[in-house]
Amino acid sequence: MAEVSHTSNRRGPISRVITLALLLATNLLPAACTYTARIHPPAMPTSIVVKLPVTVGIYFGEELRRHELEEGVLTDKVRFPVGLAAIPWFEHAFAGTFARIVRLEAWPTATPDTQLDAVIETRLVDFWQRFSEEVSVSFEVIFSTPDGREILRWPITGSYSLNTEMRQLTPGERRALAGKALLQFEEYIGNQVASALRQAATKFLLDFREQESVKRWLEAGGAFRPILPNQEACYPPNPSFRQGVLQPSSSPGIDLIVVRT
């Protein structure tokens, strides 16, 4: 696994309270318990961004699906099933970028699917967390032609920082967060991981079209063909092409794709 470097931050009083609350939460029940972070998938309506008019196969390998971190906290264990949790976030990012996506069970294949314009494989490179304070998750996105010729190999990292979140909250919200850490432990740590996954998915949505090798592929034009009834040949987007970003909405548990012009 590749290492992820981090800069140490000085913790504030509320950060220390949350850390102590989490340690206490894992020891309120009988010893040797196992807790699992509840990492919720994105809940989004139909995408409102303009999509690239291509059909792309998406592949999530067995190594990604099985990737899970288990760490000891005093006498207990905490599980982070981050591999499975990452899949719906990237599926939403891909669905918001391409007009049509097709889930692939194997890649590469002996007989390329001629209905696809490209294939994306997502690999989880590293997942790192410092209990209750920081989370970092790194991926590698490999964008290829259907016959396996690589177009782009792109590292993407998403992160979460408790100190950053604290600076954005009111004193009352900070106290509420400490209470949630104590009373809803699995939900609290799962939300931290979900924040890091949201950031990684957002980076894909915002920056995929800006990668030089992708620009060349788009400008070639040959990758595009009609994919909808009565649709004429499609060409790459111009500089005014709209881009979308995953952002949390005002409703709990709901994430929206919003348009940025």
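**Exercise 1.** In this predicted model, determine in which sense strands β6 and β7 pair and over how many bridges, and then find the bridge partner of Trp 128 in β7.

*Solution.* Strand β6 covers residues 118–130 and strand β7 covers residues 134–144, and the two pair in the antiparallel sense over eleven bridges. Within this pairing, Trp 128 has Ser 136 of β7 as its bridge partner.

**Exercise 2.** Establish the sense in which β2 and β6 pair, and identify the residue of β6 that stands opposite Gly 57.

*Solution.* The pairing of β2 with β6 is parallel and runs over five bridges. At Gly 57, the residue standing opposite in β6 is Val 119.

**Exercise 3.** Check whether the end-to-end distance of helix α3 agrees with its expected span, and list the residues of α3 that are buried.

*Solution.* Helix α3 comprises the 14 residues 82–95, which at 1.5 Å a residue should span 20 Å. The C-alpha atoms at its ends are 20 Å apart, so the two values agree. Taking buried as under 20% relative accessible area, the buried residues of α3 are Val 82, Gly 83, Ala 85, Ala 86, Ile 87, Trp 89, Phe 90, Ala 93 and Phe 94.

**Exercise 4.** Locate Lys 51 relative to β1 and β2, classify its exposure, and describe where it lies with respect to Thr 97 and Ala 95.

*Solution.* Lys 51 belongs to the loop between β1 (34–36) and β2 (52–60). Its relative accessible area is 30%, and because partly exposed covers values between 20% and 50%, Lys 51 is partly exposed. Although Lys 51 and Thr 97 are 46 residues apart in sequence, their C-alpha atoms are 5.0 Å apart in space. Finally, a polar atom of the Lys 51 side chain lies 3.1 Å from the backbone oxygen of Ala 95.

Note on methods. Residues are numbered from 1 along each chain as its sequence is written. This is a predicted model: local features need pLDDT of at least 70, side-chain atom pairs count only at pLDDT 80 or more; totals for chains, interfaces and linings use all residues. Side-chain values use heavy atoms; hydrogens and water are left out. Helices (H or I, at least four residues) and strands (E, at least two) are DSSP runs, numbered from the N terminus. The expected span of a helix is 1.5 Å times one less than its number of residues. Buried means under 20% relative accessible area, exposed over 50%, partly exposed in between (1.4 Å probe, protein chains only). A polar contact is a pair of N or O atoms within 3.5 Å; within protein, one must be able to donate a hydrogen and the other to accept it, and residues adjacent in sequence count only if both atoms are side-chain atoms. Two strands pair if DSSP finds at least two bridges between them.
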